[in-house]
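Here's a walk through some cysteines, one helix and one acidic side chain. Have the structure open and follow along.

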Amino acid sequence: MDGDTRMGVACGVVARNGALMAREPRINDRYPIEKSLSPPVVGKPIPECSEAVYVSGFVPGATVRVFANGSELLAEVVCEFGFAEIPLQRPLKLGESVTATQTVENLTSTHSAWPVKVTALPTSAVKTDKPKSSGDIYQCGRIVPVDGLTPGVRVHVEDNGAEVGNEPTAATWHAVTTQPLTFPGNVRARQIACEGSGHEITGPWSDDAPVKAAPDPMPSPTVDPNTLIPGNDTVTVQQLLVGSAIEIKDGGALVSSGWLANGSGNLFPINPPLTGSSSITATQELCGRTSLPSAPVTPSGTLQAPTILGPICHGAQYVVVRDTTINANVVILRNGQTVGYAGAAPGDVVIALGSNIQLHAGDVVTALQYMGDTVSPTSHGVTVVGGIGEPAVELLGGEPFFLPKGEEEAIDGPVFPRGRGAVTIRVQACCTEEVKAELLDPDGTVITEVQLTDLAPGYFTGAWNWPNWPTDPNVIPVGRYAVRVTTGCDQRPVTVPFYVIFNPADVNGPSRFSFDDTAVWFASGVNSTKGLHYYLHPSDNRVFSRALNAVSGLTDSYDAAVAVARMEEGLFDYSLSYHTQDVVSMLTSFTEAQCADDACVLTAFMRAVGIPCHPVTVDAALETGAADWTFDTWVEFLAPHDGTTDWRILHPHQYPAMAPETRGQFGTTRDVATNSFNDYVIMAGENWVLAELDDGTNDVTCTRQACGQPGQNLTKAPWIVELCEAGYWSQTHWDCTAVRARSLRVDESLDLARADFGDQVEGVLRIVNTTREDHTTVVIVDLISHDSRSKAFVGARHGQLMAETVVPAEGLLELPIDFQLPRTLPPGHDLYVRAQADGRMLTLEPVPVTPRIDAFLDFPATWRVGEYFEARATVRNISGALVQDVIVSLDTPFALIVSGSEPGSSDSETLVRWAQLPAGEEREVRWTVRAIAPLQSGSAHLRVSTADGGGKLVPRPFRVTAPEIVDVRVGSKQ
């Protein structure tokens, strides 16, 4: 394994009489070892003076022996796991050869197939590299994790200036066991190579890491249910405090103790193994204070098939296996016969074949893993080839957010925020001659050569990190980079891309406005506003590639934001209608956009290249006639410019080619943003509540003063951030002092009586003339329907009354109105009476119409990826009349897949139609819904439409969680 994935594991020493200090290996009778026991793999590099080596590829519980020069025994241990950092009896010397064997059931493997030579110490790295404490450390804890080490050194740890522990390491990360740490205290670490010799090298001290007080009470840990597989003899425990002592019980019986947490998530061995009826709990203790037990968990996990990496070439004596489960035994089969026997390990595991077996062209190689009697399915087979025309190259790492979700189009390489993460290179060359990896910039120029390490003949790994870049990462252009691999074996070169984008952390970008799939925009009703989802897909290549192409070669995120906006401005024509709430849908299905579409597409592009941003919405003063649309939406982005890092505005829909402006500039100089044109400016704060978004209720409401301005205080959800006077408007925007009274106004509401669809609705429009002169005007009264998600009232007109009339001076005109209501409305549409005079709005009032149907949706609020649920919709005719042509459908965003389970429907049908629904009758529709991708916040929509009874839209907010990505390491033995 390479240094990035190694984990130190404690091993029991074999007693002088040969008694084992750890459990015996558990071998399934269906898979006897015979001659297939794999020789262990010794990790590289091993610098001179190393006092420990990393060994993998052996069966958990095996006796592992490490040798120098093939004969000198340097270590004999029994390890709980199939990989370990093994301390040696003496430091290694330059040029020595290191091998290992494993013994299981009195069978001993051959020595490691590829002895590892001890190399010269990288003195410059030891002298200059400053290690660092990784993670929080606590009072009374006895563990200090240290990162940034040179393999082969000894790590020393001090607490308040006094040494509390030192240990050798074979990896870049090591958890040093110490004396109990003090509070208040400061811990530091340094590495020393060849300690005590004539060429000892001492590195610099790390920065001080504060020791935190032990909590009182101690928090309870949690047990990861995914690791609870019957037959497993390990348990993963999370939410741990570093240094705490862990105990695990099964049904009240102690099954694991004597282990210390060295991270927030740890694997711990248990004895006896899990059964189907186990009930696992865990506690953690610091300073004599023990937490309450975790919630009990019963095993229900399954053992998945491992994955064999190809290609495998003729003559190979090893197989690389991925997706193994710690602490499983891994069996390699050739044409169905066992040829390799080892154990699982983190990351990719190189497993050597037993008894010097070689593979031949045409052989089919498979693998399985097991824990006791629980056996995984067999992996897909890989056929051994005679040779390859080019090396197989894989790049790993990058920001996990950019992995494709659900059915998104995958980006063809990992994505790295500038200055963060390492590119890990895997090469299967089937060649050992002159294998070289070069890093190329977007112009194809070679930046540097990446050092490769051969883990096995023809299989290489290497890593590139930002400190190796020739210049300051902050001036590195963003764009498409690549790794080019060449060999000396008459193979074609291979170039594999990766991508560099801006890093939101450089500007302290809030996570909800950075690497997040959802933006929040707002639709406006009458004196009300509600928050809605927009699904951005920054990890979809159809979004990412457009954004990256727009900014390629740039080094400044402010300039990049402008470049992305210029690109987005050319995508759509102007529109005032609702289209969709999905960016990929916008890009693939529409040629015009309203402001919210443009703003959210721009938000998606900016987040795709690492620029924090979010939409902002104004509720326009349509109700008073000051504006002729209901809302407007633009984008705020966070970037440094002219020495300050602040939120700045772009509005591609309304002002193409505009330069970014501050809130103050935009809110006082742009007509659509001024307080005279709008009621209020809002955004969703970074802690917006998913359960309150698109839940069918309004998130902001306001009253009206006599001058038409909103009341002095909005009624709003706590996660709504009001921006009116937070930079946009300098004056008090709800002050009536400077508001000119209008000549005409409506005295009272229309007092429309509730009616049924198709009936007549009557009322009286009372218009008051506030001036001392008669006022001649044309009054237009419309009966219109409207979807609040559309920027303007562009719905159907169901009736109109027009009258040229005179409103007497300081008098009242009563204008009767009479409309026939439509037979139905689409789901989500509302009916309004709108009165206008002098080209301005007099009043806009909702019409109280009684629907003939009601509907309810049974839908979970939280899902896990891969989970199925039968969603149930109940539709009822609540009237005394027959309802015609009822159509029921369930709409979900990309994270869910819906198939119909209504009797008589095919799996692809999600729409159900009934010719009639009798009075008082209730029917149920069912769908099978599967979660296929994580989504922090989304909403499902049940839609019911009719020909003569109105429509019903029922929203249900939800979230989909993925298995938590936790850096789970093996705990430390006390």
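## Cysteines, paired and unpaired

Let's start with Cys430, which is partly exposed at 29% relative accessibility; buried here means under 20% relative accessible area, exposed means over 50%, and partly exposed is in between, with a 1.4 Å probe and protein chains only. Before going further, keep in mind that this is a predicted model, where local features need pLDDT of at least 70, side-chain atom pairs count only at pLDDT 80 or more, and totals for chains, interfaces and linings use all residues. Residues are numbered from 1 along each chain as its sequence is written, and side-chain values use heavy atoms, leaving out hydrogens and water.

Which cysteine pairs up with Cys430? The partner is Cys313, with the two sulfur atoms 1.7 Å apart. That makes a disulfide, defined as a pair of cysteine sulfur atoms within 2.5 Å. Cys313 sits in the loop between strands E27 (307-308) and E28 (318-322), and Cys430 in the loop between E37 (422-428) and E38 (436-440), so the bond ties together parts 117 residues apart in sequence. As for the labels, helices (H or I, at least four residues) and strands (E, at least two) are DSSP runs numbered from the N terminus. Unlike Cys430, which is partly exposed, Cys313 is buried at 8% relative accessible area.

The structure holds four disulfides. Three of them, including the one just described, go into this table:

| Pair | S to S distance | S-S torsion and hand |
|---|---|---|
| Cys140 and Cys287 | 1.9 Å | about 100°, right-handed |
| Cys313 and Cys430 | 1.7 Å | about 90°, right-handed |
| Cys431 and Cys489 | 1.9 Å | about 75°, right-handed |

Take the pair of Cys431 and Cys489, with an S to S distance of 1.9 Å. This pair links distant parts of the chain: Cys431 is in the loop between E37 and E38, while Cys489 is in the loop between E42 (479-486) and E43 (494-501), 58 residues apart. Cys431 is buried, with a relative accessible area of 3%, whereas Cys489 is partly exposed at 27%.

Then there's the bond from Cys140 to Cys287. Cys140 lies in the loop between E12 (137-138) and E13 (143-147), and Cys287 in the loop between E25 (280-286) and E26 (289-290), so parts 147 residues apart in sequence are tied together. Cys140 is partly exposed at 25% relative accessible area, and Cys287 is partly exposed at 25% too.

Some cysteines stay out of disulfides. Cys600 is buried at 0% relative accessibility. For Cys600, the nearest cysteine sulfur is that of Cys595, 9.2 Å away, and there is no disulfide. Cys724 is also buried at 0%. No disulfide involves Cys724, and the nearest cysteine sulfur, from Cys702, is 10 Å away.

## Helix H5 and Asp619

Helix H5 covers residues 595-608. Its 14 residues, at 1.5 Å a residue, should span 20 Å, and the end C-alpha atoms are indeed 20 Å apart; the expected span is 1.5 Å times one less than the number of residues. Because 14 of the 14 residues of H5 are buried, the helix is largely enclosed by the rest of the structure. After H5 comes Gly610, with a positive phi near 85°.

Now look at Asp619, in strand E48 (residues 613-620). What is the nearest side chain of opposite charge to Asp619? That's Arg704, 4.8 Å away, and the buried Asp619 has no salt bridge. A salt bridge needs a side-chain nitrogen of Lys or Arg within 4 Å of a carboxyl oxygen of Asp or Glu; on charge, Lys and Arg count as positive and Asp and Glu as negative, with His and the chain ends not counted. Not counting residues up to four places away in sequence, the contacts of Asp619 (heavy atoms within 4.5 Å) include Ser524, Thr630 and Tyr680.
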